[in-house]
Amino acid sequence: MHKHAWWALIVLLLTCPACVASDVEDSLLGAWRFDDGSIVTIAPSADGTWRYRQLGDGRSGRLHPVAGGWQAGPGFSDRDPAALVVRMNGSRLEWIPTAGPAQQAKRVAAQERDIEWDVAGATLRGRLVLPATPGPHPVVVLIHGSERLPAVGQWHDPYMLAAHGIGGFVYDKRGTGSSGGDFTADFIQLAEDAAAAATRLATLPVIDRDRIGFAGFSQGGWVAPLAAEKYGAARAVLVAYGMVDSPLHEDRWQCLQALRSKGGTPRDLAEAGQLVDAAHQALTSDLREGWPAFKAVVKRNRDQPWFQHLDASDCIAASFAAYPAWVVRTFAGHRLPPGINWRYDSRALLADSSTPMLWLLASADSEAAAADTSEAVHQLAAAGKPFEVVMLEGAEHGMLMHRQGVNGPETTGYHPEYFARMMAFWQQRFL
């Protein structure tokens with residue numbers, strides 16, 4: 001779940017409209033505790049592999065199947081050369097790094113229960129993961145980013161929560177996995193779905209209805225505060241690498257930021273800003289407005305160096321510039337999910353909210369304007385709102401850390417404070 005900006009969603013839907021997660025066995029899925037008390041979670045990754053996440057320091061790698069077990073290389077997704085071998089030994093996990101002592105881990109016991117509920121003409125399905133201790137338990141409803149993939153049996157988060165004494169509820173968004181309905185990016189509908197999930201959970205004797213919260217990731221940063229408002233009784237909200245400003249603001253910021261990083265001059269950025277604004281007007285009017293202005297900016301800048309640096313991975317305008325209007329209109333009408341709230345931002349809702357919130361932001365986020373969001377939430381906190389902002393230095397979108405490699409930036413793992421910050425927030429609010 002590394003790329004949740006809207007341009008990435010557009011490219012995904014254009015090139016891979018039927019992408020689905022691969023089926024994997026669940027022998028490793030869950031949280032595992034080593035004898036020293038540290039915890040690692042393991043969840044499915046791509047192509048029959050698994051991803052481990054060490055909660056104490058953010059280290060992560062991809063476990064590839066090998067004879068007798070699994071093997072991870074030294075990088076975030078490498079297989080070779082072997083840096084770690086993992087084997088099952090009865091009910092215990094053998095953890096054998098090439099550098100350092102071998103350890104064993106025991107699966108953290110948890111209760112699991114599949115839940116379904118009906119909302120807005122669709123039956124949605126999710127999985128509740130609870131600590132093995134007697135309830136009633138607090139629970140966090142986990143809200144997706146913009147990905148069009150199922151989450152049940154794929155996310156590590158509910159097991160991480162359960163290992164810390166808190167229930168986690170993960171579900172397949174409408175139109176994905178086992179959930180019915182049509183896929184949508186309508187924040188209002190997605191918030192209604194999440195609020196209805198909380199209402200359903202509150203009916204269960206194993207759940208403490210006074211200790212229900214929401215956690216939203218990336219796009220879920222718009223949805224989670226909305227869901228808390230719709231539910232009306234949320235104890236707390238956590239947002240990770242999300243935004244306050246609108247998706248259009250996100251796209252504009254990302255486009256200009258990318259050009260700035262490539263040496264764009266103030267004049268270049270001014271012209272690019274006009275291009276982006278015209279593209280947004282066209283986008284939000286089904287090309288009824290803005291297209292002539294957009295093509296005019298394209299025409300006068302097509303031979304400029306900054307224009308050559310435009311990349312569809314950075315902004316919508318770059319995608320539009322490559323095609324005639326009829327192609328874009330067909331694409332926008334049939335490839336984009338319905339109901340995108342392009343102009344929605346959370347400021348007004350947050351100004352009226354009294355729900356405690358933690359905003360975990362990534363200082364090096366190239367997809368979301370973390371500094372803008374930080375300033376907005378800090379202003380609300382200064383006005384008396386129960387909000388806290390934590391900026392994790394050096395983290396990219398997804399709270400991932402990178403280093404410069406021979407062939408460019410390489411992912412090294414998660415920010416070492418990320419998981420601990422999340423768990424501390426929920427334990428403070430719930431336990």
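Which residue takes a positive phi just after H6? In this predicted model, the residue is Asp286, with a phi of about 55°. The helix that precedes Asp286, H6, covers residues 266–284. Its 19 residues reach 27 Å from the first C-alpha to the last, close to the 27 Å expected at 1.5 Å a residue. Buried positions in H6 include Asp268, Glu271 and His280, along with Leu269, Ala272, Gly273, Leu275 and Val276. Further along H6, Ala278, Ala279, Ala282 and Leu283 are buried as well. The cover over the buried residues of H6 includes four helices: H5 (247–261), H7 (291–301), H8 (305–309) and H9 (316–321).

The contact between H5 and H6 can be followed through one residue. Leu256 is found in helix H5. Because its relative accessibility is 10%, under the 20% limit, Leu256 counts as buried. Leaving aside residues up to four places away in sequence, Leu256 touches Leu269, Ala272 and Gly273, and these three residues are among the buried ones of H6. Leu256 and Leu269 are 13 residues apart in sequence, and their C-alpha atoms are 6.3 Å apart in space.

Two cysteines were examined for burial. Cys255 has a relative accessibility of 1% and therefore counts as buried. Cys315, at 0% relative accessibility, counts as buried too. With sulfur atoms required to lie within 2.5 Å of each other, the count comes to 0 disulfides.

The model contains a closed barrel of 8 strands, which runs S1-S2-S3-S4-S5-S6-S7-S8 with antiparallel pairing. Neighbouring strands of the barrel are turned by 30° against each other on average, direction ignored. Strand S1 (residues 30–34) and strand S8 (residues 103–107) run antiparallel and are joined by 3 bridges. In this pair, Arg33 stands opposite Lys106 of S8.

An open sheet, also of 8 strands, has the order S9-S10-S12-S11-S13-S14-S15-S16 and mixed pairing. Its edge strands are S9 (110–119) and S16, each of which pairs on one side only. The average turn between neighbouring strands of this open sheet is 20°, direction ignored. Helix H3 (residues 187–201) packs on the open sheet and touches S9, S10, S11 (137–143), S12 (167–171) and S13 (207–217). The direction of H3 makes about 125° with that of S9.

At the S9 edge of the open sheet, S9 and S10 (residues 122–131) pair in the antiparallel sense over 10 bridges. The hairpin of S9 and S10 has 2 residues between the strands, and Ala120 takes a positive phi near 50° in it. Asp114 stands opposite Arg127 in S10, while the bridge partner of Ile115 in S10 is Gly126. Gly126 and Ile115 are 11 residues apart in sequence, with a C-alpha to C-alpha distance of 5.3 Å. Gly126, which lies in strand S10, is buried because its relative accessible area is 4%, below the 20% limit. Residues up to four places away in sequence not counted, Gly126 touches Arg113, Asp114, Ile115 and Trp117, and also Val152, Phe169, Val170 and Tyr171.

At the S16 edge, helix H12 lies across S15 and S16 and runs at about 155° to S16. H12 comprises the 13 residues 370–382. At 1.5 Å a residue, H12 should span 18 Å, and its end C-alpha atoms are 18 Å apart, so the two values agree. The buried residues of H12 are Ala370, Thr373, Ser374, Ala376, Val377 and Leu380. Seen down the axis of H12, these residues fall within an arc of 165°, and therefore they line one face of the helix. On the other side of H12, Ala371 and Ala382 are exposed. The buried residues of H12 pack against helix H11 (347–352) and against strands S15 (357–362) and S16 (387–392). H12 is followed by Gly384, whose phi is positive, near 110°.

Note on methods:
Residues are numbered from 1 along each chain as its sequence is written. This is a predicted model: local features need pLDDT of at least 70, side-chain atom pairs count only at pLDDT 80 or more; totals for chains, interfaces and linings use all residues. Side-chain values use heavy atoms; hydrogens and water are left out. The expected span of a helix is 1.5 Å times one less than its number of residues. Buried means under 20% relative accessible area, exposed over 50%, partly exposed in between (1.4 Å probe, protein chains only). The arc is that of the directions from the helix axis to the C-beta atoms. Contact means heavy atoms within 4.5 Å. Two strands pair if DSSP finds at least two bridges between them. Axes are lines fitted to C-alpha atoms, for helices over the stretch in contact, and angles run from 0 to 180 degrees between N-to-C directions.
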